[in-house]
Amino acid sequence: MYHLNLRCKKRLRRSSILSGGSMLSSPQQVWFHIFILHASRYTHTVHTAGIVETYSALDYPAERIKRLFDINVHGVLYTAREAARLMIPQGGGSIILISSMSANIVNVPQLQTPYNASKAAVKHMAASLAVEWAKHNIRVNALSPGYMATKLTKTILEKDSELKVRGEGLLIDIG
């Protein structure tokens, strides 16, 4: 499944937002949603895909790792690629990929090796795509936020009392 959160500028200077995102199950669905949402100039997109689970690397179920990479890496690449295909004929645009501080550090005490690797992949993907698509006037950047008080992080903290005690003071409440 791929998470899609898009913003576009219409010719009449109106904005259209697909808030909260959509869970999409194939690259074709990603492309279809982008196409349907943007009958006019498509200039910006933000990719916020991401799931995390805590398992020891020795015990992490293979099917869970595949699912995590399908969402966190493949979904971001497919969505960025389709966005770029729309931006190139229009003269460019801006793509922002949301990575994580976990792309740069090891979070202690969380056991989340596949998540960290997936977010490092997103960070490097942004740099690689920026070089590849610069000739088309498409900017690609990655943001690597720290701990945010989201539904996802709150769920993880509720499941792990030790982590909850250590982690709650680190969270930034986003409302």
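**Salt bridges, a pocket and one loop residue**

Colleague: Arg81 counts as what, by its relative accessibility?

Modeller: This is a predicted model, and the value for Arg81 is computed from it as 30%. Buried means under 20% and exposed means over 50%. Since 30% lies in between, Arg81 counts as partly exposed.

Colleague: Which residue meets the side chain of Arg81 in a salt bridge, and is that residue buried or exposed?

Modeller: The side chains of Arg81 and Glu82 meet at 3.5 Å, N to O. Arg81, Glu82 and Arg85 are also linked in a network of salt bridges. Glu82 has a relative accessibility of 5%. The cut-off for buried is under 20%, so the partner, Glu82, is buried.

Colleague: How many residues apart are Glu53 and Arg64, which meet in a salt bridge?

Modeller: The structure holds 4 salt bridges, and one of them joins the side chains of Glu53 and Arg64 at 2.3 Å, N to O. Glu53 sits in the loop between strand E4 (44-47) and H2, whereas Arg64 is in helix H2. The pair therefore links distant parts of the chain, with Glu53 buried at 14% and Arg64 partly exposed at 27%. Their separation is 11 residues.

Colleague: Which helix holds both Lys66 and Asp70?

Modeller: The side chains of these two, Lys66 and Asp70, meet in a salt bridge of 2.9 Å, N to O. Lys66 counts as exposed, at 53% relative accessibility. Lys66 and Asp70 are 4 residues apart, about one turn of the helix, and both lie in H2.

Colleague: Which element gives the largest share of the lining of the second largest pocket?

Modeller: That pocket, the second largest, has a volume of about 240 Å³. Of its 12 lining residues, the closest to the centre are Val52, Glu53, Thr54, Ile156 and Lys159. Two elements give two or more residues to the lining, helix H2 (62-87) and helix H4 (151-159). The largest share, 4 residues, comes from H4.

Colleague: How many residues in the lining of the second largest pocket are charged?

Modeller: The lining divides into nonpolar, polar and charged residues. The nonpolar group has 5 and the polar group 2, and the charged residues number 5.

Colleague: What is the phi of Asn137 near?

Modeller: Asn137 is in the loop between helix H3 (113-133) and strand E6 (138-143), and is partly exposed at 49% relative accessible area. Most residues other than glycine have a negative phi. Asn137 has a positive value, near 60°.

Terms used
Residues numbered from 1 in each chain as written. Predicted model: local features only at pLDDT ≥ 70, side-chain atom pairs only at ≥ 80, totals over all residues. Heavy atoms only, no water. 1 Å grid on protein atoms, 1.4 Å probe; cavity = no way out; pocket = protein on both sides within 12 Å on 5 of 7 lines; lining within 4 Å. Points joined across faces, edges and corners; volume = space filled by probe spheres on them. Nonpolar A, V, L, I, M, F, W, Y, C, P; charged D, E, K, R; others polar. Buried < 20%, exposed > 50% of the residue type's maximum accessible area, 1.4 Å probe, protein only.
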